[in-house]
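Open the model in your viewer and keep the selection panel at hand. The stops below are meant to be taken in order.

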Amino acid sequence: MWTWSQLVVSAAAINLVRHQAPRQLSANRRLWVHHLATAQESPVCVKEPKKKARVVFCLGGPGAGKGTQCARLSDFGYVHLSAGELLRRERASGSKDGELIESYLSEGDIVPVALSLGLLKKEMERSESNYFVVDGFPRNIDNVQGWRDAMRDVADVDCVLFFDVPPEVLMERMLERGQTSGRSDDTLATAHKRLATYSEATLPLIEKFEHDGDFKVLRVKGIGSIDDVWQRTHDALRPFFPTTEDKKQAPHTKGDDREHLNGD
Ligand code: ADP
């Protein structure tokens, strides 16, 4: 069946052919007209507008295992977007916001929503997929408000996947990761601040979601082996997985070119 965009370009092509004698058209233009007129088969076919995205928010303290588990969700049709990784990448790119980002990350503070959300939105727009697991966002009520304002017409949130891990385990994992990650926020001083920010801003947010029902929260016990946590994650999230039909409409989820951006 012809799509609306194909009908429009085909009508334009027919008009062009009708009003100009073919001999007046240059070879290139004839080729272009041919592509337009055969838009149904042609590789020049204009893209459909994107469908509304479907999002899973993945939350938990620093070191809860969000990045580790989200990496596996790529195999189930999700594009993994880590707010922390996008911010660190932006900081490293030498962008004008780099210093500002650094000042927040090194203090274990939450980066202003305009910055984190701007980066997430850009990645979602760039991707051809409609399914995303957004890791490490929203972290406070400001983030939620910013998301609602900017994404109302762009994305629906299916649920919040929350990894429940006690603070002493979070601290252990962060410091362990710090031995190899080279991350400036995996040091003892920053880890303490990050934990404090998490318990003051993010944990109450998750409790509010559960209490008020803003979003459906899937609370997953995040201790035990990575495989055990994965089994729980898989079982909890299974009802929301993209179907085979959904995946067919999302070319980036096929084969080996899946997108994945790891790390909180
Ligand atoms: P987050 O993205 O939530 O900050 P990560 O996925 O980076 O957390 O995990 C933090 C550290 O803990 C990493 O070094 C990771 O290898 C390790 N880790 C993740 N899940 C587990 C687990 N279930 N048991 C032990 N270590 C884990």
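The tour goes from the ligand to a helix beside it and then to a single arginine. Keep in mind throughout that this is a predicted model.

**Stop 1: the ligand and its shell**

Select the ligand and the residues around it. The shell holds 15 residues, and the closest are Lys66, Gly67, Thr68, Arg177 and Gly224. Colour the shell by residue class: 7 residues are polar, 4 are nonpolar and 4 are charged.

**Stop 2: backbone atoms at the ligand**

Now show the backbone of Gly63, Lys66 and Gly224. At Gly63, a backbone N or O atom lies 2.9 Å from an oxygen atom of the ligand. A polar backbone atom of Lys66 is likewise 2.9 Å from a ligand oxygen atom. At Gly224 the ligand atom is a nitrogen, 2.9 Å from a polar backbone atom of that residue. Switch on a surface for the ligand: on its own it has 560 Å² of accessible area, of which the protein covers 78%.

Which elements give two or more residues to the shell around the ligand? They are helix H3 (66–73), helix H8 (167–181) and helix H10 (226–237). H3 supplies the largest share, 3 residues.

**Stop 3: helix H3**

Select residues 66–73, which make up H3. Lys66, Gly67, Gln69, Cys70 and Leu73 are buried in this helix. Turn the view to look down the axis of H3: the buried residues fall within an arc of 165°, so they line one face of the helix.

What covers these buried residues? Add strand E1 (53–60), strand E2 (79–82), strand E3 (131–135) and strand E4 (155–164), which are among the covering elements. H10 is also part of that cover, and H10 is one of the helices that give two or more residues to the ligand shell.

**Stop 4: Arg91**

Leave the ligand and go to helix H4, residues 83–92, where Arg91 is found. Is Arg91 buried or partly exposed? Its relative accessible area is 23%, and buried would require a value under 20%, so Arg91 counts as partly exposed.

Next, display the residues that Arg91 touches, leaving out those up to four places away in sequence: Gly98, Ile101, Glu102, Leu105 and Ser184. With Glu102, the touch includes a polar contact between the two side chains, at 2.7 Å. For Ile101, check the C-alpha atoms: Arg91 and Ile101 are 10 residues apart along the chain, and their C-alpha atoms are separated by 6.3 Å.

How values were computed:
Residues numbered from 1 in each chain as written. Predicted model: local features only at pLDDT ≥ 70, side-chain atom pairs only at ≥ 80, totals over all residues. Heavy atoms only, no water. Near = heavy atom within 4 Å. Polar contact = N/O pair within 3.5 Å; in protein donor to acceptor, adjacent residues only side chain to side chain. Areas by Shrake-Rupley, 256 points an atom, 1.4 Å probe, with all protein chains shown as cover. Helix = DSSP H or I, 4+ residues; strand = E, 2+ residues; numbered from the N terminus. Nonpolar A, V, L, I, M, F, W, Y, C, P; charged D, E, K, R; others polar. Buried < 20%, exposed > 50% of the residue type's maximum accessible area, 1.4 Å probe, protein only. Arc of directions from axis to C-beta. Contact = heavy atoms within 4.5 Å.
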